[in-house]
Amino acid sequence: GTKKIKKIMEGYIMNIDFKQEVQNHKEDLLKDLFELLSVNSVLGTDITEETPFGSGPRKALDLILSFGERDGYKTKIVENKAGHIEVGEGEELFGILGHVDVVPVVEADWISHPFKPEVRDGRIYARGSLDDKGPTMAAYYAVKLLDKLGVKWNKRVRVIVGSDEETGFRCVKSYFEHEEQPALGFTPDAMFPLVYAEKARVTFDHNLIFKDEEGSYDYKLVEFNAGQVLNMVVASAEAKLSGEEKDIKEKFEKFLSDEKLEGEINSGEVITLVVKGKAAHGSTPQFGINAGTKLAEFLNTLNLDANGKNYVKYIATRLANDPFGKELGIEYSDDEMGASTYNYGIFKYDPVEKVGVVKTDCRHPKNFDLVSKLEKLQEENINIVVTSTKEAHYVPKDDELVTTLVDVYRKHTGDTKNDAFVLGGGTYARCLKKGVAFGLLFPGKQDTMHQANEFLEIEDLLLATAIYAEGIYKLCCE
């Protein structure tokens, strides 16, 4: 008797129609998400102990935790920086890491207000819709709908929410100093099907060794500036020269037209040269055009002062057009994690302060020992200094966590051609001993993260919620 009933019960629970259950919660999900999207949670300047990243991120964090409380779950806030909503029961802890802080906006570039969510053509337009308020709410509702169905949990599930992902992960760093580390989990802050590994990251500087000047020259390099952040390909570079103008204008214009680039030259007391490149993420420098290295290539054709020449010559001959490090002999790739990439993100040259630097951001496979390679490099007039290292993050592709989630993704989308992959960028997954990044952006869909008019398709939000629900069910329920 009881065995039979148990069997029927198990059979019943196994037949959850996940897409239908998401439909049943759709209105509540959208209502909560719209409220969360209405909070301007850009890193603020009003820093206090209560609001360590400003009042906006704190308000968004409080709001999402209040949803958990309203729905009857245990919530906790840690050092006002991060918090969690806990559901389920069991020894093991499963973590889902999302964030409610967002990147800044230029309001003039938006069609509708970035913090007044609006639906147009089935898309929710708002800052944070795709990165990462929409995905975080999808994951929360996935857990909630399972719980409301009365599933039998064999793990505790925590939706862990940070409020400083965009500016340094200080939120989760602080959180894990005080709280239990989940045995496994995922972050809904990347792309489907799944990211099972993230490359290691090393940042290093190429510093010019200044020499006493000698010899004659036509132009003196008095300034070279390009790039604001390490993890973007330089979109604009500027140099200033002193010297007689002569034929530099014609030379520069010919260079621009040969290279199919835009730029400008202005002469006065000093000659100012500007080159425009094409931005790209620092983890994929091969997709951009580095304005800094292009400008150095032009300057290298001129008769410059000794230090200026040494600086631009090094860039033009050792770094330019070489996102994979061939010239320096630091090229490496393997079948599993792909190629090492090098982004020359910040250039600064100032002969008065004796600064001549190119700051570099490298993403490389886990089996490559870049640091010891860099220590052995002998470059003329250049000193190479490593400024930071971060280990690769890696969960084997055949691990149950990976295979279970990818199978659920395939079942709900019918997509069999895309497979779990390796990312050059870094996500919250690296904060988990055993964590992967899982959605929410679907293959072939427009990625508007960090852009004006960021949007999330409602259909994608609902589909992702169903995928998350079944994935969590398979991993955390009996």
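Two rings of Phe, Tyr or Trp count as a pair if their centres lie within 6.5 Å. Keep that cut-off in mind for the notes below, which walk through a predicted model.

1. **An aromatic cluster.** With the pairing rule in hand, look for Phe-94, Phe-186, Phe-192, Tyr-409, Phe-438, Phe-442 and Tyr-468, which form one aromatic cluster. The structure holds 23 aromatic pairs, and another of the residues to look at is Tyr-125, taken up next.

2. **A pair worth finding.** A pair of aromatic rings is described by the distance of the centres and the angle of the planes. How far apart are the ring centres of Tyr-125 and Phe-455? They are 5.3 Å apart, and the planes meet at 50°, so this pair is tilted. The two partners come from distant parts of the chain, 330 residues apart: Tyr-125 belongs to strand 5 (residues 123–125) and Phe-455 to strand 24 (residues 455–457). Are these two residues buried or exposed? Both Tyr-125 and Phe-455 are buried.

3. **Charges over rings.** Stay with Phe-455 for a moment, as Arg-123 lies over the face of its ring, 3.9 Å from the ring centre. You can find another such arrangement at Tyr-394, where Lys-366 lies over the face at 4.4 Å from the ring centre.

4. **Cysteines without disulfides.** How many disulfides does a search of the whole structure find? The search finds 0. Take Cys-171: the closest cysteine sulfur to its own is that of Cys-431, and at 7.8 Å this is too far for a bond, because a disulfide needs the two sulfur atoms within 2.5 Å. Cys-171 has 0% relative accessibility, so it counts as buried. Cys-477 is in no disulfide either, with the nearest cysteine sulfur, in Cys-476, 6.3 Å away. Cys-477 is also buried, and its relative accessible area is 8%.

5. **The chain as a whole.** Now step back and view the full model. The protein chain has 11 helices and 24 strands. Along the principal axes, its C-alpha atoms fill a box of roughly 100 × 45 × 45 Å. Of the 478 residues in the chain, 54% are buried.

6. **Helix 6 and helix 7.** Two packed helices are described by the angle between their axes and the distance between the axes. For helix 6 (residues 248–259) and helix 7 (residues 291–299), the angle is about 135° and the axes are 11 Å apart. These two helices are therefore oblique to each other, and their crossing is right-handed.

7. **Helix 4 and helix 11.** Try the description again on helix 4 (133–148) and helix 11 (residues 458–476). At what angle do they pack? The angle is about 50°, and the axes are 8 Å apart. Helix 4 and helix 11 are oblique to each other, and the crossing is right-handed.

8. **Cis peptide bonds.** Have a look at the backbone from Asp-131 to Asp-132, where the peptide bond is cis with omega near 10°. Asp-132 sits in the loop between strand 5 and helix 4. Gly-439 and Leu-440 are also joined by a cis peptide bond, with omega about 15°. Where is Leu-440? It is in strand 23 (residues 440–441).

9. **Positive phi values.** Asp-121 has a phi near 50°, which is a positive value in a residue other than glycine. You will find Asp-121 in the loop between strand 4 (118–120) and strand 5, and it is exposed, with a relative accessible area of 74%. Asn-321 is another non-glycine residue with a positive phi, near 55°. Its place is the loop between helix 8 (306–319) and strand 15 (333–334). Asn-321 is exposed as well, at a relative accessible area of 54%.

10. **A buried loop residue.** Finally, find Leu-194 in the loop between strand 8 (190–191) and strand 9 (195–198). Is it buried or exposed? Leu-194 counts as buried, at 0% relative accessibility. As an exercise in following the chain, compare its position with Phe-94: the two are 100 residues apart along the chain, and their C-alpha atoms are separated by 17 Å. Phe-94 also brings you back to the start, as one of the residues of the aromatic cluster.

How values were computed: Residues are numbered from 1 along each chain as its sequence is written. This is a predicted model: local features need pLDDT of at least 70, side-chain atom pairs count only at pLDDT 80 or more; totals for chains, interfaces and linings use all residues. Side-chain values use heavy atoms; hydrogens and water are left out. Rings of Phe, Tyr and Trp (its six-membered ring) pair if their centres lie within 6.5 Å; planes under 30 degrees apart count as stacked, over 60 as edge-to-face and the rest as tilted. Helices (H or I, at least four residues) and strands (E, at least two) are DSSP runs, numbered from the N terminus. Buried means under 20% relative accessible area, exposed over 50%, partly exposed in between (1.4 Å probe, protein chains only). A charge sits over a ring if NZ of Lys or CZ of Arg is within 6 Å of the ring centre and within 35 degrees of the ring normal. Axes are lines fitted to C-alpha atoms, for helices over the stretch in contact, and angles run from 0 to 180 degrees between N-to-C directions. Angles under 35 degrees count as roughly parallel, over 145 as roughly antiparallel, 65 to 115 as roughly perpendicular and the rest as oblique. A crossing is left-handed if the near helix is turned anticlockwise from the far one by less than a right angle, and right-handed if clockwise.
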